[in-house]
Amino acid sequence: MVSTRITRRAFMIDTLGFGNSGAVAVYVVKGGRKTAVIDCGYASSFGNVMQGLRELRVEPSKVDYLIPTHVHLDHGGATGHLLKYMPRAKVVAHERAAPHLADPRKVIEGWTSLVGEKQMQMYGAPLPVDKERIEAVGEEAHIDLGGATLRTLYAPGHAPHQVAVLFEEEHLLFPADAVGMVFPAFPTLLPTTPPPSFDPPTLIRSLELLRQTDPKMLLVPHFGVRKDVGLIIDRTREKTEEWVELVRRLDYSHMSPEQVVEEVRRSIISETGIPIGSFPGYVNVMIRLSVLGILAYLKRGAPGPGT
Ligand SMILES: [Zn+2]
């Protein structure tokens, strides 16, 4: 089983991304007439999403909307792969994400340079999405599923093309990577601040906007259902600011990026008491990306192009 029921109409699928449970989730909302899938996971894990849909008795050919919250590979990577089995699905994405869904070459190049060829093979490459199938949205859009309304909310900062999604009737918020990573197998929240466009002030504005929607639950991509909404938002802000300050205080211009990553890992060890060899592999990957994103932000000089 990779699927879990959250409410009568909202469901979670563990994509088993990277071969790990509890790392990358996608969510499903079944309205009275229509069905939406929020986030798609890595290209390489699309089969697990299909399996989850089968468990939920959702016929892929009857999915109406795919909503990749942004084009990072753990969220948008599988979009084109899933669409092959979803002939009537529209892809709802921010207008700045749409060109990268239609032509993912820059995304593939960027991620390959960040993580290397071998890791890219584990992620899998996104397929181009037919432009006609993309509904590009701006600040806000409403999607009527029949008794279930989804509202997309522009939520930049983590990426300048990210949307969050609010399930209005049930007050459930899918915050995408506007909130930090809260892996069940790891005891502390980790900021999710990857390259190339992480921008802290913009992220903090998005967090406050999302707080105002007053959700009763957060359905977090990394990972799971959280009812401690205020705490997660507060901790995301605190930890993000703490990591940015930690890196800023290092003599990072005279260090290799990997040395900076090690320094941040050391601070996590002193906070959690978990020895480095015991961090799950996907946690190490995510920490590295977040530190590289902070370095990129500091090196280009604040403020970044996040808005
Ligand atoms: Zn992301």
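This is a friendly dialogue on reading the helices and sheets of a predicted model.

Biologist: I am new to this structure. How many helices and strands does the protein have?

Modeller: Welcome! Keep in mind that we are looking at a predicted model. The protein has nine helices and 13 strands.

Biologist: What does the C-alpha trace span along its principal axes?

Modeller: The span is about 55 × 40 × 35 Å. For 307 residues, a compact globule would have a radius of gyration near 19 Å, and the 18 Å of this protein agrees with that.

Biologist: Let's turn to the sheets. How do strands of a sheet pair?

Modeller: In general, the strands of a sheet pair through backbone hydrogen bonds, and the pairing is either parallel or antiparallel. Here, one open sheet has seven strands with mixed pairing, in the order β1-β2-β3-β4-β5-β6-β7. Its edge strands are β1 (3–5) and β7 (134–137), each pairing on one side only. From one strand to the next, the twist averages 25°.

Biologist: In which sense do β5 and β6 pair, parallel or antiparallel?

Modeller: Strand β5 (residues 65–67) and strand β6 (residues 90–94) pair in the parallel sense, over two bridges. To find the place in the model, look for Tyr65, which stands opposite Lys90 in β6.

Biologist: And what is the strand order in the open sheet of six strands?

Modeller: That order is β8-β9-β10-β11-β12-β13, and the pairing is mixed. At the edges stand β8 (140–144) and β13 (224–226); each has a single partner strand, so one side of each is left without a neighbour in the sheet. The twist in this six-stranded sheet averages 20° from one strand to the next.

Biologist: Over how many bridges do β12 and β13 pair?

Modeller: Strand β12 (residues 217–220) pairs with β13 over three bridges, in the antiparallel sense. One residue to look for is Val220, whose bridge partner in β13 is Gly224.

Biologist: Now the helices. What describes two packed helices?

Modeller: Two things: the angle between their axes and the distance between the axes. Let's try α6 (residues 200–212) and α7 (residues 229–249), which pack at an angle of about 175° with their axes 10 Å apart. An angle over 145 degrees counts as roughly antiparallel, and that makes α6 roughly antiparallel to α7.

Biologist: Which residues of α6 and α7 meet?

Modeller: From α6 come Pro200, Leu203, Ile204, Leu207 and Arg211; they meet Ile233, Thr236, Arg237, Thr240 and Val244 in α7. Sorted by class, this contact has six nonpolar, two polar and two charged residues.

Biologist: At what angle do α7 and α8 pack?

Modeller: Helix α7 and helix α8 (residues 257–272) pack at about 130°, with their axes 10 Å apart. That makes α7 oblique to α8. Their crossing is right-handed. On the α7 side the contact is made by Trp243, Leu246 and Val247, and on the α8 side by Val260, Val264 and Ser267. Five of these residues are nonpolar, one is polar and none is charged.

Biologist: Which residues make the contact between α7 and α9?

Modeller: Helix α7 contributes Trp243, Val244, Val247 and Arg248, while α9 contributes Ser290, Val291, Ile294, Leu295 and Leu298. By class there are seven nonpolar, one polar and one charged. Helix α9 covers residues 281–300, and α7 packs against α9 at an angle of about 65°, with the axes 10 Å apart. Here α7 passes α9 in a right-handed crossing.

Technical notes. Residues numbered from 1 in each chain as written. Predicted model: local features only at pLDDT ≥ 70, side-chain atom pairs only at ≥ 80, totals over all residues. Axes fitted to C-alpha atoms, helices over the stretch in contact; angles between N-to-C directions. Helix = DSSP H or I, 4+ residues; strand = E, 2+ residues; numbered from the N terminus. Parallel < 35°, antiparallel > 145°, perpendicular 65-115°, else oblique. Contact = placed C-beta atoms within 7 Å. Nonpolar A, V, L, I, M, F, W, Y, C, P; charged D, E, K, R; others polar. Pairing = 2+ DSSP bridges. Left-handed = near helix turned anticlockwise from the far one by under 90°. Rg over C-alpha atoms; globule rule 2.2 N^0.38 Å.
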